[in-house]
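Visitor: I'm new here and I keep stumbling over the words people use. Could you show me the structure and explain how each label is earned?

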Amino acid sequence: MERYRDERELQGRFLGCLLGLAIGDALGMPVEGWPSERIREQYGWIDRYLPCLGPDGQVETPAGEFTDDTELALCLVESLIGAHGVVDPEAVGYRFLRVLRSDSGRFLDPTTRRALERAAETDDFQQGIGGEQRPNCSAAARIAPIGLMHSLGRFNPEIFTRDVLRACLITHSDPEAINGALAIAYAVRLLVAAEVPPEMLIEDVLHFIDEDAVARRLRLAASLAAHGGKRERDLTNLREIGTSSYVAEAVAAAFYCFAAHPDDFAAAVLTAVNAGGDTDSIAAMTGALAGTYLGAQAIPAELVDGLEGRMYLLVAAPGLFQTAQRRAGLYLRLRRR
């Protein structure tokens with residue numbers, strides 16, 4: 001009975017991670033790029049799904065729809081399941097190309113778009129773009145499934161790091177972009193395995209990742225989160241951390257929102273949404289962290305019910321969980337003769 005209860009809890013963390021990512025993405029989608037002052041002036045405090053409106057006031061994207069962050073994460077999930085838990089860059093890359101050519105392609109950031117367009121011509125999915133002055137957080141925003149895959153069984157840091165690198169290099173080769181993705185994936189792994197409490201999460205992540213701008217901004221987030229948790233204080237702290245798409249700012253902002261509200265999924269994610277900046281990506285990463293820690297059962301029902309495409313996530317999470325079990329040697333499917 002204890003084993004069943006533990007397995008059910010782990011499945012809830014897998015589902016919570018994917019649902020949380022998509023919910024944060026969809027909540028932040030309508031106000032991506034807005035400063036917090038504009039959000040407050042137009043909506044007050046966003047606490048529900050809203051449509052994305054064009055300059056003419058017409059609906060461009062309906063309320064509750066997620067963007068490329070979730071689409072690309074689902075591509076990772078599909079390819080991991082199909083390849084029995086192995087990161088196959090070509091399998092992932094060709095799925096990414098489908099997103100590029102779909103309606104969701106309009107959400108892709110310039111780096112991801114250029115990298116995928118080049119890969120479509122060369123069939124090389126390990127030559128991501130680098131050299132940017134401020135690399136973006138796109139790779140970090142989609143990386144959570146790698147953390148889930150490595151959360152069961154014995155942890156091998158070399159293989160884990162290799163898988164993160166392979167997943168990132170499809171579009172991004174900048175060391176900061178990769179380090180930011182490593183931070184998110186490692187945090188997800190720690191939260192599934194319940195190896196550290198939320199207040200120790202950033203410290204453990206800092207011991208694992210490289211020392212760079214991402215690490216420095218994470219230290220700032222940790223120090224500020226110790227005195228956060230109130231709405232105005234959170235917005236002030238997030239302005240100090242930064243909420244642009246720059247990976248060092250976006251990843252640190254996501255960790256801050258989770259660290260300031262570890263026991264309240266909605267508070268963590270809505271803080272990320274209302275802080276402005278790269279709202280969909282930061283809220284997606286926040287949602288992945290909070291959903292992993294709290295499990296799917298802690299996510300408000302109205303946020304799940306209002307999410308378009310939730311059925312894909314409800315199917316994907318159990319499949320990824322079984323794949324992670326098999327890769328860890330914890331699950332064996334018996335065939336009846």
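Guide: Happily, and keep in mind that this is a predicted model. Let's begin with helix 12, residues 231-241, where Asp234, Leu235, Asn237, Leu238 and Ile241 are buried.

Visitor: What puts those buried residues on the same side of helix 12?

Guide: They cover an arc of only 165 degrees around the axis, so they sit on the same side of helix 12.

Visitor: And what covers the buried residues of helix 12?

Guide: The cover includes helix 2 (36-43), helix 11 (213-225), helix 13 (247-260) and helix 14 (265-274). Just after helix 12 comes Gly242, with a positive phi near 100 degrees.

Visitor: How do you know that Asn179 counts as buried?

Guide: Buried means under 20% relative accessible area. Asn179 has 4% relative accessibility, so it counts as buried. You'll find Asn179 in helix 9, residues 175-193. Leaving aside neighbours within four places in sequence, Asn179 is in contact with Ile209, Asp210, Asp212 and Val214.

Visitor: What makes Thr111 count as buried?

Guide: It's the cut-off of under 20% again: Thr111 has 3% relative accessibility, and therefore counts as buried. Thr111 is in helix 5, residues 110-122. Its contacts, leaving aside neighbours within four places in sequence, are Ile129, Glu132, Asn136, Thr171 and His172.

Visitor: Why is Asp123 called partly exposed?

Guide: Exposed means over 50% and buried means under 20%, with partly exposed in between. Asp123 has a relative accessible area of 44%, so partly exposed is the label for Asp123. Asp123 is in the loop between helix 5 and helix 6 (138-142).

Visitor: What is the phi of Asp123?

Guide: It's positive, about 60 degrees, although Asp123 is not a glycine. Most residues other than glycine have a negative phi.

Visitor: Is Ala194 buried or exposed?

Guide: Exposed takes over 50%, and Ala194 has 52% relative accessibility, so Ala194 counts as exposed. Ala194 lies in the loop between helix 9 and helix 10 (198-208). Its phi is positive too, at about 55 degrees, although Ala194 is not a glycine.

Visitor: How do you know that Gly295 counts as buried?

Guide: Gly295 has 3% relative accessibility, and the cut-off is under 20%, so Gly295 counts as buried. Gly295 is in the loop between helix 15 (279-294) and helix 16 (301-305). Not counting residues up to four places away in sequence, Gly295 touches Gly12, Arg13, Gly16 and Ala290.

Visitor: How far apart are Gly295 and Gly44?

Guide: They are 251 residues apart in sequence and 29 Å apart in space, C-alpha to C-alpha.

Visitor: Which residues line the largest pocket?

Guide: The lining is made of Phe66, Glu71, Leu74, Cys75, Glu78, Arg95, Arg98, Val99, Ser102, Tyr312, Val315 and Ala316. As for the volume of the largest pocket, that is about 260 Å³.

Visitor: Which helices supply at least two residues of that lining?

Guide: Helix 3 (68-82), helix 4 (89-100) and helix 17 (310-327) each do. The largest share, four residues, comes from helix 3.

Visitor: How does the lining divide into nonpolar, polar and charged?

Guide: Seven residues are nonpolar, one is polar and four are charged. Glu and Arg count as charged, and the lining has Glu71, Glu78, Arg95 and Arg98, so these account for the four charged residues.

Technical notes
Residues numbered from 1 in each chain as written. Predicted model: local features only at pLDDT ≥ 70, side-chain atom pairs only at ≥ 80, totals over all residues. Heavy atoms only, no water. Buried < 20%, exposed > 50% of the residue type's maximum accessible area, 1.4 Å probe, protein only. Arc of directions from axis to C-beta. Contact = heavy atoms within 4.5 Å. 1 Å grid on protein atoms, 1.4 Å probe; cavity = no way out; pocket = protein on both sides within 12 Å on 5 of 7 lines; lining within 4 Å. Points joined across faces, edges and corners; volume = space filled by probe spheres on them.
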